[in-house]
Amino acid sequence: MFEYSGKAICLGDDINTDYIISSRRKKDTINPDELVQYIMEDIRPGLASEINKNSLIVAGENFGCGSAMEVAVQVLKSAGIQIILAKSFARSYYRNSVNNGILPIEMDTSEIREGDIVQVSMDDNRILVTDIRTNMVTSCPAFNGKIKEILSIGGIVPYIRQKESKCQNSEDE
Amino acid sequence: MGKTIAEKIFSSKSQTDAYAGDIITAQVDYILTNDASGPLSIDYFQKMGAGHVTNPERIFAFIDHYVPCPNNKVAGLHQMLYDFRDTYNIQLLEAGQGIAHQVFDELKCVAPGRLLVGGDSHITTHGYLGSLAIGVGASDLASAMISGELWFKVPQTIIVDITGRLNRGVSGKDVALYLLKILGSNGANYKAIEFRGNGIADLTMDDRKTICNLATESCAKCAIMPIDERAISYCRDRGLPYDDIVVSDEDCTYCREIHIDLDKVPAMISLPCSADNAVPVHEKIGLAIDMVVIGTCTNGRIDDFAAVDEIIRMSNSNFKTETLIIPASATIYNQMIERGYMQRLVSKGAMILPPGCGPCCGSSPGTPRDGFKVLSTANRNFLGRMGNVKAEIYLASPITAAATALAGCVTEAERG
């Protein structure tokens, strides 16, 4: 059982990876902790100072479209984001979120407003998302298969580490 | 039950009987990365702690985004790639060789039936020759480098039926923008696009690359052209294997069918700030343009510059816009010199930038000034994409770009 409660930061449709973090900033560093200050600077100046570990991203359709650049996920992770709710995700952003241990939850987000407190609870069967302001509860299917395996261990890095060490052990035997 | 091309290639690479929706682990034939995704990928690789790569002769890193190296920070990122090459013997293509997607192809990594993954979304380009070419993030790339395999969800397929013949002055770029307008910015999300139809015979191999390149702007996982006679003779000329030609079964399942009649495709232009926001060029004629960019992985190939040369040779005037030319590779650069294109471009007032991504995503020089309207042959026109949020970016074909540079405003190329 996983439980989380956060304050909604609402974004629109088609938020591309260039908007999340501009390629021009990567000229100076690829360290997500340093890039955090530039999050969505072109479309939502000032967001970088609002966003923290108690925030939850609420987006429309096609979140994370455009480039596959993973720093666009890492930078949100560095800002403290653990969950992204969106009507839909771009394919590569979805994968990158899973790989970095951020939960990408697909659902109808149209009733959630900026600043709403949103609770997310998850067990093996389903994910429940509750907007405290409206009391609206949305039920989504739980993660399964490979995605569940990667998320449950916290991302692709611990996942591969575990796999590699198992290979190593079986070779040793 | 019949299979699509994507289902067949995934079945073959995973040694399973795979259909759309299945999650499989597939052997990857070649891996592509660059100086944008590569350093991050190396970072993940180190954290994963494996200390080995599988098939280093099939892993290619390209220095293309930041060319020539603009500062000491990027120099450090480039050094990471060199150090990784020295430790693990992967292949490294240095600054000035060209854009990953062009050089990867020149290096013969692309052939029918292969599974290619890359840390760059525009790897979809390589579906032009029947490869399944899929963009992934840096962490997926690192895990593929370690194990030589990667998990995938087998995608559903949208079939695009192409008939008819291209009008004069219309190219693969216009077909791509026309298709994007139909699909929308996420119309192919999680899906493969497969092309078929007798109209494909009319598309050059470079046109096919452009169409597959832009498929990613509809969020497609991959885009696959069929292997027709033209593609086979192209493989034969270049010494590429074509014994693994994959065709879809007649009774396979497509999730959507789209028909494009080439006779009805006009020259197209995408308005800010999304490539699918496309209209016929004739609706925007006269719009003043300050800067024209011709090149990138979308339209920096020799056919593109041949088309540009044809336009500028018909004109006595010089370029009225700031005009940047970026050959997609050193090979293309040389061909342009040999054919006299460079001399004519420079005499008209163009600036020639080194082979690479150029200012397309603001990574290399060529930033537009405040208030500039830029017409580019690239693939993305997001706000701030070229490094300045106060500039507007329009996307069009090399033909339209050349005519526009000569006129100083959006122009449809003269139809001789």
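**Two pockets and the interface of chains A and B**

In this predicted model, the second largest pocket is lined by 20 residues, and those nearest its centre are B:V170, B:S171, B:A307, B:E310 and B:I399. The volume of this second largest pocket is about 510 Å³. Three helices of chain B, namely helix 7 (205-215), helix 10 (302-313) and helix 13 (398-407), each contribute at least two residues to its lining. Helix 10 of chain B gives the largest share, 5 residues. Sorted by class, the lining of the second largest pocket holds 8 nonpolar, 4 polar and 8 charged residues.

The largest pocket has about 630 Å³ of space. Its lining is made of 25 residues, and nearest the centre are A:Y94, A:E106, A:I147, B:K153 and B:Y190. Both chains therefore appear in this list, as the residue names A:Y94 and B:Y190 show. From chain A, helix 5, strand 4 (103-106) and strand 7 (136-141) each supply at least two residues of the lining, and strand 7 (149-153) of chain B also supplies at least two. The lining of the largest pocket divides into 15 nonpolar, 4 polar and 6 charged residues.

The next subject is the interface itself. Chain A brings 41 residues to the contact and chain B brings 49 residues. Between the two chains an area of about 3,800 Å² is buried, with carbon and sulfur atoms giving 52% of it. On the side of chain A, the residues that lose the most area to chain B are A:K27, A:R91 and A:R95, which together make up 21% of what that side buries.

One of these residues, A:R95, also takes part in a salt bridge: its side chain meets that of B:D140 at 2.7 Å, N to O. The count of salt bridges between chain A and chain B is 2. Polar contacts across the interface number 21 residue pairs, with both residues at pLDDT 80 or more.

Several helices of chain A build the side that touches chain B. Helix 1 (17-20), helix 4 (71-78), helix 5 (91-99), helix 6 (145-153) and helix 7 (156-172) each supply at least two of its residues. By class, this side of chain A comprises 14 nonpolar, 11 polar and 16 charged residues. Helix 5 of chain A thus has a part in two places: at least two of its residues belong to the side that touches chain B, and at least two belong to the lining of the largest pocket.

Terms used. Residues numbered from 1 in each chain as written. Chains lettered and ligands numbered in written order. Predicted model: local features only at pLDDT ≥ 70, side-chain atom pairs only at ≥ 80, totals over all residues. Heavy atoms only, no water. Contact = heavy atoms within 4.5 Å. Buried area = accessible area lost by both parts, 1.4 Å probe. Salt bridge = Lys/Arg side-chain N within 4 Å of Asp/Glu carboxyl O. Polar contact = N/O pair within 3.5 Å; in protein donor to acceptor, adjacent residues only side chain to side chain. Helix = DSSP H or I, 4+ residues; strand = E, 2+ residues; numbered from the N terminus. Nonpolar A, V, L, I, M, F, W, Y, C, P; charged D, E, K, R; others polar. 1 Å grid on protein atoms, 1.4 Å probe; cavity = no way out; pocket = protein on both sides within 12 Å on 5 of 7 lines; lining within 4 Å. Points joined across faces, edges and corners; volume = space filled by probe spheres on them.
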